[in-house]
Amino acid sequence: MHRFGSALVAELSKATTLPAIGAATGGTVGAGAVVVWLLAAVDPHRSADEYLLASVGFLEVGMAVLGIAAAAQDCGPGHFRTALLAVPRRNCLLMAKTLSFAVVCSVVAVLAVASCAGMAWSQAGARDLGSNPIAWGRLTTVVLVLVAIGALSFGVTLLTRSGTAALVVMLGLIALLPTVLSSYPAVSQWLPTEAGLRIYAGAPEGQVTMRAYFALGAWVTVGVGLGWWRFGRSEG
Amino acid sequence: MIHAHLFRSEWTKAVTLPGVWAGFSVGLLVPLALTALNVMTTRSAVLAGDSSQLANTSTWESVFASLVLGTVGAVIIGVMVVGSEYSVDSADSGGGHQLTTSLLAVPRRVDLTIAKTLVVTCLVTTMGAVTIPVCALVATRLSGGLGVETVTAAQAVARCFGLLLYWVLTAVMALAIAQLLRNVVVPLTLLIINNSLLSVSYLLSQATSLAKWLPDLAGRNLFMDPAYAYESLDVLPGAVIMATWTLGLLTLAAWSFTRRDA
């Protein structure tokens, strides 16, 4: 337990001092606020809630990049061997790496949502003081979905062992497939971002939120599980 | 003058990169899938006698609306050809960066940049030469002649070449940005989002008319239906502005490449 605690502290230290993670955090938080500001400039008659919902897609891309930056640090030449020299038990290393990422990811998700919600409130409030406030339930579910997307991205990077390949896969899942399948909601509802949308924005059919939780949970479980499996069996 | 063997070696490097094939696959399969889905939706609506929800029932418009996403494939190819030189994924390359090895073989950096640009141009042209006819063929087969065709053959050919030019210029801009940033993740993320999830240029165009001078909006009318195109420049001035952006970015990338350590 003591060794795991040390590994966890080491992984947290690595994660919080990586320039790539700092850049992904700053980019996600800053770009989210800028997107909300742009949306408000383009269409000033929407509520704060609508501005927030419109910006979640960008935040999801930011969380995907964050997951890639966190996992890819040990996919580079030599890094994996050095990490295993320090912590030879792979499951212990993986658990510490995953937990440290969960902490960082949650903090970044909260910061990003706070930044977007703050900008949305300020923009909607400046034009319409009586605009709809954003419910705490909405904020919580958006944070939950963002953490899930970050975790999926983390797992995909461990699986592919390449930041570039993981980025192409994740952008395909987040940006391309939902567009291609937009006319087929029966299929697209199982995509991670579409399931997330049904969790934080509600589903048009009503009683399908549990299905959305199941779909998103399955993506994260399979993604992280396969990533662990691959990482545990990789050569240095 | 670029030597043939320099082009050949860069071509060989590019076509053996998995990332380039991923871009080629995205550039082919995504528009193809979207074309099939769009045309089948249009066909079902026409057969049901209710096409009121559709902007139009033209098969060619369905094809062009789908081919827009092929830009993502061009972006991936452009970024990968340069970004792979800076990638540290492979332990086999010298010091983790392939670029130092490439510069040992080709010390003239401007020549290397021009060779990569030519390779990207050829790759994206090949992708377009495969994707555009295949999508058109699939759309024609699936539509079964239903719907009202509003695009003449001459317009379709002109817009296909316009789209090809748009893809090539976008890919070269992606290459230049990747070379300037010496990075894969940032240009890939920004350019893919801008060409799929939401165009930041389009958002800006709603706030200021100056946005029409941005490269992607300037070149939009090369292939868009004029009736539904954004308020942007005409075809020829738009193409000139987009080409000027591309040349400017490429010159800046080559200039910075010659003045920085590998």
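B:Glu10 is a buried residue in this predicted model, with a relative accessible area of just 3%. What does B:Glu10 form a salt bridge with? The partner is B:Lys13, and the closest N and O atoms of the two sit 3.1 Å apart. Both residues belong to helix H1 of chain B, which covers residues 4-15. They are three residues apart, or about one turn of the helix.

B:Lys13 itself is partly exposed, at 26% relative accessibility. Its side chain also meets that of B:Glu85 in a salt bridge, with 2.8 Å from N to O. Here the link is between distant parts of the chain: B:Glu85 is in helix H4 (residues 70-86) of chain B, while B:Lys13 is in helix H1 of chain B, 72 residues away. B:Glu85 counts as buried, with a relative accessible area of 1%. Put the shared partners together and you get one network of salt bridges, made up of B:Glu10, B:Lys13, B:Glu85 and B:Lys116.

Chain A has a salt bridge worth a look as well. The side chains of A:Asp49 and A:Arg138 meet with 2.6 Å between N and O. A:Asp49 lies in helix H3 (residues 48-72) of chain A and A:Arg138 in helix H6 (residues 136-160) of chain A, so this pair ties together parts 89 residues apart in sequence. Are these two partners buried or exposed? A:Asp49 is buried at 14% relative accessibility, and A:Arg138 is buried too, at 19%; the cut-off for buried is under 20%. Over all chains, the count comes to 10 salt bridges.

Here are the three pairs described so far, side by side:

| Salt bridge | N to O distance |
|---|---|
| A:Asp49 and A:Arg138 | 2.6 Å |
| B:Lys13 and B:Glu10 | 3.1 Å |
| B:Glu85 and B:Lys13 | 2.8 Å |

As general background, side chains of opposite charge can pair when their charged atoms come close.

Now for the backbone. A:Arg161 is not a glycine, yet it has a positive phi of about 55 degrees. You'll find A:Arg161 in the loop between H6 and helix H7 (163-180) of chain A. At 16% relative accessibility, A:Arg161 counts as buried. Chain B has a case of its own: B:Arg182, again not a glycine, has a positive phi of about 50 degrees. B:Arg182 is placed in the loop between helix H7 (153-181) and helix H8 (185-195) of chain B. Its relative accessible area is 35%, so B:Arg182 is partly exposed.

Back in helix H6 of chain A, there's also A:Trp136. Is A:Trp136 buried or exposed? A:Trp136 is exposed, with a relative accessible area of 70%, and the cut-off for exposed is over 50%. From A:Trp136 to A:Gly118 the separation is 18 residues in sequence and 13 Å in space, C-alpha to C-alpha.

Next comes the interface. How many residues of chain B are in contact with chain A? There are 28 of them, in contact with 24 residues of chain A. The area buried between chain B and chain A is about 2300 Å², and carbon and sulfur atoms give 83% of that. Salt bridges across this interface number zero by the rule. Polar contacts tell a similar story: the count between chain B and chain A is zero residue pairs, with both residues required to be at pLDDT 80 or more.

Which helices of chain B supply at least two residues each to the side that touches chain A? They are helix H2 (18-48), H4, H8 and helix H9 (200-207). H2(B) gives the largest share of that side, with seven residues. By class, the side of chain B that touches chain A has 22 nonpolar, five polar and one charged residues.

Finally, a word on confidence. Chain A averages a pLDDT of 85, and 90% of the residues score at least 70. Among the elements of chain A, H6(A) has the highest mean pLDDT, at 92. The lowest belongs to helix H4 (residues 79-86) of chain A, at 78. H6 of chain A is also the helix that holds A:Arg138, the salt-bridge partner of A:Asp49, and the exposed A:Trp136.

Methods. Residues are numbered from 1 along each chain as its sequence is written. Chains are lettered from A and ligands numbered from 1 in the order in which they are written. Side-chain values use heavy atoms; hydrogens and water are left out. A salt bridge is a side-chain nitrogen of Lys or Arg within 4 Å of a carboxyl oxygen of Asp or Glu. Helices (H or I, at least four residues) and strands (E, at least two) are DSSP runs, numbered from the N terminus. Buried means under 20% relative accessible area, exposed over 50%, partly exposed in between (1.4 Å probe, protein chains only). Contact means heavy atoms within 4.5 Å. Buried area is the accessible area (1.4 Å probe) that two parts lose on being put together, summed over both. A polar contact is a pair of N or O atoms within 3.5 Å; within protein, one must be able to donate a hydrogen and the other to accept it, and residues adjacent in sequence count only if both atoms are side-chain atoms. Ala, Val, Leu, Ile, Met, Phe, Trp, Tyr, Cys and Pro count as nonpolar, Asp, Glu, Lys and Arg as charged, and the others, Gly among them, as polar. pLDDT is the predictor's confidence in each residue, from 0 to 100.
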